[in-house]
Every structure is written in C-alpha cells, then in structure tokens.
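Please consider the structure shown here, beginning with the confidence of the model and moving on to a helix pair and the enclosed space.

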Amino acid sequence: MTADPHVKRAIRATEFPARLRRNQNVTRRSGGRRANGIGPRITRMARIFEGVCRKTLHKKSLRAAKKSTGCGTEMPRDDVFASHKLCGSLCTSVAPTVVTRIADIGTRVEQRYIRMTMRIALPLTLALIAAIGLTFAQVSSAAAAPGLPRIVTLPCPYSISNMALHTQGNKLLNAQNKLVVVHGVDLPSLEWTNRGDHVRRSMRAAVMQWHCQIIRIPTSVNRWFGQAPGQSHGGRVYRHIVDQLIQYAARHHVYVVLDLHWNDMDRTFADLGQHRMPDHSCVRYWRLAARRYMDYPNVFYDLYNEPHGISWITWRDGGICTGETKTTVVTYRAVGMQRLYDVVRHAGATNIVIIGGTSWAYDDFGVTHGYAIAGKNIVYDCHVYPWKPHWKHSFELAAKSVPLIFDEFGGTGKQLAFGRKVIAFAAAHHISWCSWSFHTRAWPALIKNWNYKPSTFGALIKKALTLTKGH
C-alpha cells in the first residue's frame, strides 16, 4: 500500500512521552552517540516496543476494516485515514503507558545499580585517595624535615680516580692491572656512640703516625638514621662525621672500609647490637650509603659484620633466623648477602664490595662450594683470631679462587707469634688486612692511650705498617 500524506500526519501526531523526548534530546546533544548505562538501554528497548505496538495495531485495524467492507476490497481513503487515526490513538494511549512504565523500571534499576556501585566503589576510592594523601604527606614531611636522610651523592673534591680498583680472579687490581695490597687498622666507636671516641684525631694518627693505607670504620644502622637517644636532625651530624673521615682519607689517598656493624633486627633501639644477619633496615642503609659515596673509589662497602649461626642458603638468600635481645630470643626475617649486594649495584655504585662468610666471618667454605654471590668486584672477608683453629688451612683454599681480605685480626702481648703468622700468610697470598682495634677499650686494643702509644701487639702492627709504607 502506498503511503498517504494524511496517514503520515496521523502517525506523526502520536508522540512519545516527555521522558522519552528528553532522552532523544540528550542523544542529539551528545552528537548522535548512544548513551551508555542500564537506563538508556532499557529506554531504547521501550522505543522498539512502541514501534512494534504501532505496527501490530495498524495491521489489526486493516484486517478489521477489510472484514467490514468485504474480503479483497480496497479500503476507501477516509477509512484508511480513520484506521490510522485509530492506530495512532491506541499507540498514544496504550504504548506510551507501557513505555513509561518500562522507562521507570529502567530508571529505578539504574539508580539501584548506581547506589550499589557507589556503596562498593566509593569506599575503595576514598581509601585510595586517603592512601595517596598520606603518602604525599609523608614525602612532603620527609622533604621538609631537616636532617632526614635523602638519597644524595657526596661530591668528591679530590682527584682520586686512580684509586679505583677491580677484581680479577683472586687478585685486587688497579686501573693499570697492577696488584694492590693495603694494610691498616679498625677504627671503632661509631657503632656504640653518636659522635665516636676521638675518631677524627684517631684518623689523623692512623694515617700520619701509623702509616695506614686502609682504615675500617664500623657504623650503626640506627645512628645512621638518627634513631639513637641524643640524636637530632635525622642523624645528619652522625653522617657528617663519617663524611669527614672519608674525605680526610681521600685527601691522603687512603682507602676506607665502610662497615655496617650493628643493627636492631627491625625492632627498637634497645635491641641494637651485633646480630646474626642483616635486617630490612640494612637494605635502606645501603641504598643511601652506596649512592652517597659512589664518587669515592677509595671506599669499600663491607655489607655486614660477622654473620653467624645460619646456613649458607640463609647467608646468601636470606630467611627466618633468631636473634638475642637483652631479655629474650626473637625471630626475624633476615636479608641475604645477595640482596644487599644488589642494592649497592642498583644504587649505581661500582665500589669494591666486601662480604664476610659465616661463623663470625671465619668460614668461607660455602663461597667456593656453590654459594658465592653473583656479581663482580667482590672481596670476601675473613676475621682471624688466636682462638679460631685451623684458620690457615681454611683460608688457603679460598685464597686460591677468590680475593680475600682480613678485615679483623688481633691479639694480646702473649700472642705475638700468632700475629706474625697472620702477617706472613697475608703477604704470601697477597691479602690485604686491617688489625683490631685502634681504640683504648675495644679489645684486643692496639693502643694504650689517646696519645696512641702502641700496646705490645700494637707495636707489632705499627712496625708492619711502617715496613709496607709506600708499597
């Protein structure tokens, strides 16, 4: 049947409800794009339903008209118009009611969906915003608080690039691939005091009077971050003292071993001391210290003092271990030597890294039997004392395959023979050493007083240092 203009006007006379017209206007304003969501989708379904109603009522009206005029007889124009008018009136009265109800249902479903979404998403969003705000506040306070540790690099004002060393096989070499063997002393007290005991004066005496070529400086994690009683400004004064010692050594072309000596097992300052293995605060320490002194090739990084009471797997990879406090035994998660080494390298430092073995840095068996640290420029540490038997045989095996250093060895006046054997062994195997300790009270002591008069064992060490002066 050909469409008639009167029929078109009759059909256009039927209008959608106001709610659907608003949705149409929204669709037009959005550039013809369909709106997303449950409500708009149900509204579109309602429009389709209305169109179906129109077509169905139109067909029914045609059939009814044909029955009244005779089968197969064409309807007159006025009857056609009346039929479409009847269809339009039905669509106007029935279909919009159904469509309106469906749209209302869609609106309620959409509102319920929105409420449910807000009930779940809003708390999560608020929690995320709060977490971001807290993190921002912490970062802002960290930047604003004076003396709080920041990852900075201490500039080196001296020309000491020729002091850079590297390892090759079991040797420690300089840039010209010449063998380097250095000797010196341990300079303790910064691990148990905030400012050290005469450390600046002792550094000068060790370099100028005792002719040390390398000096080991033990430090404390808690004091490095300013967490000890009596400290302020986040440990800035403590770190400045370490800076001064390293810069003084650099000015005189002396090597320094920065030793992480004490930690607290990730607990409190009351638990600070010498423990079995490093904890997570040691990771933070090396992240800052490695970057801080990366421009000082005269600085060696001694990752942790004397690991003990653990297996080789725990030594390398970390794990659960126990530690002793003043009142009880606690369990904590230790960080392995491989992790600490990686932290140093990720900071960008290429300095020599020193790693002590197990059994208070006495046993290096695992290093040559599958537990060596993956990396380069690594020197393994050995601590030698008279009460440790069979040290010569143990270290001789390791010295054949990896670079060694005796970071600690010492004795009393009755143990001079032992001292001579250690010095001779080190010379035969090209091993550098530091003797414990350049302090009056840290036993076994090399000096009797703060005028740096040597003890009996200290006289042996001072003589050995004088003989190797300039080598």
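The pLDDT is the predictor's confidence in each residue, on a scale from 0 to 100, and a contact means heavy atoms within 4.5 Å. The model is predicted, and its chain averages a pLDDT of 81, with 68% of the residues scoring at least 70. Two of its stretches deserve caution. Over residues 133–148 the pLDDT stays under 50, and the model has 11 contacts beyond four places in sequence for this stretch. Residues 68–92 likewise keep a pLDDT under 50, and for them the model has 29 contacts beyond four places in sequence.

Attention may now turn to a pair of helices. Two packed helices are described by the angle between their axes and the distance between the axes. Helix 13 (residues 391–399) and helix 14 (residues 416–428) have axes that come within 12 Å and cross at roughly 10 degrees. Because angles under 35 degrees count as roughly parallel, helix 13 is roughly parallel to helix 14. Helix 13 contributes Trp391, Lys392, Phe395 and Glu396 to the contact, while helix 14 contributes Phe418, Lys421, Val422 and Phe425. Of the residues in this contact, five are nonpolar, none is polar and three are charged.

The remaining topic is internal space. A search of the whole structure finds two cavities of 30 Å³ or more, and the largest has a volume of about 100 Å³. Its lining comprises 13 residues, with Leu172, Val180, Val379, Leu404 and Ser432 nearest the centre. Strand 2 (171–173) and strand 11 (404–409) are the elements that give two or more residues to this lining. By class, the lining residues of the largest cavity divide into nine nonpolar, three polar and one charged.

Note on methods. Residues numbered from 1 in each chain as written. Predicted model: local features only at pLDDT ≥ 70, side-chain atom pairs only at ≥ 80, totals over all residues. Heavy atoms only, no water. Axes fitted to C-alpha atoms, helices over the stretch in contact; angles between N-to-C directions. Helix = DSSP H or I, 4+ residues; strand = E, 2+ residues; numbered from the N terminus. Parallel < 35°, antiparallel > 145°, perpendicular 65-115°, else oblique. Nonpolar A, V, L, I, M, F, W, Y, C, P; charged D, E, K, R; others polar. 1 Å grid on protein atoms, 1.4 Å probe; cavity = no way out; pocket = protein on both sides within 12 Å on 5 of 7 lines; lining within 4 Å. Points joined across faces, edges and corners; volume = space filled by probe spheres on them.
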